[in-house]
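Reader: I have a structure open and would like to talk through a few of its residues. Could you walk me through them?

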Amino acid sequence: MTWNSSIRQLHRWLSIAFTVTVVTIFVAFAFGSPPEWLFYLPLAPLSLLLPTGLYLFILPYLGRRRSKHSVVEEAE
């Protein structure tokens, strides 16, 4: 497994964890007023989703830069 695919897989699992925690909070609202600490649970996966998401966002631009450099090197 390459570095890019492992980060993509991690991002997918973190998004699932984030979604489950948010759904859990909404379910807790159905049973009354949930405890305050429950609102901080989504912050853990969200804090990891940000860097992995930014990396995946920038990845295509890094690929273009590398391909342009390789084309220039091959032309010379």
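Author: Happy to, and please keep in mind that this is a predicted model. A good place to start is Leu 41, which lies in the loop between α1 and α2 (43-75).

Reader: Thanks! Is Leu 41 buried, partly exposed or exposed?

Author: The relative accessibility of Leu 41 is 38%. Buried would need under 20% and exposed over 50%, so Leu 41 counts as partly exposed.

Reader: Which residues form a nonpolar patch on the surface?

Author: Leu 41 is one of the members, and Leu 46, in helix α2, is another. Leu 46 counts as partly exposed at 39% relative accessibility. Together the patch has about 550 Å² of accessible area, and its residues are Trp 37, Tyr 40, Leu 41, Leu 43 and Leu 46.

Reader: How far apart in space are Leu 41 and Thr 24, C-alpha to C-alpha?

Author: In sequence, 17 residues separate Leu 41 and Thr 24. Between their C-alpha atoms, the distance in space is 9.8 Å.

Reader: Now to helix α2: which side chain makes a polar contact with the side chain of Thr 52?

Author: Thr 52 lies in helix α2 and counts as buried, at 9% relative accessibility. Leaving out residues up to four places away in sequence, Thr 52 touches Ile 7, Leu 10, His 11 and Leu 14. The polar contact, at 2.7 Å, is with the side chain of His 11.

Reader: And which backbone oxygen does the side chain of Thr 21 reach?

Author: Thr 21 sits in helix α1 (residues 3-30). Its relative accessible area is 18%, so Thr 21 is buried. At 2.7 Å, its side chain reaches the backbone oxygen of Phe 18.

Technical notes. Residues numbered from 1 in each chain as written. Predicted model: local features only at pLDDT ≥ 70, side-chain atom pairs only at ≥ 80, totals over all residues. Heavy atoms only, no water. Helix = DSSP H or I, 4+ residues; strand = E, 2+ residues; numbered from the N terminus. Buried < 20%, exposed > 50% of the residue type's maximum accessible area, 1.4 Å probe, protein only. Polar contact = N/O pair within 3.5 Å; in protein donor to acceptor, adjacent residues only side chain to side chain. Patch = residues over 30% accessible without salt bridge, like charges linked within 9 Å, V, L, I, M, F, W, Y side chains within 5 Å. Areas by Shrake-Rupley, 256 points an atom, 1.4 Å probe, with all protein chains shown as cover. Salt bridge = Lys/Arg side-chain N within 4 Å of Asp/Glu carboxyl O. Contact = heavy atoms within 4.5 Å.
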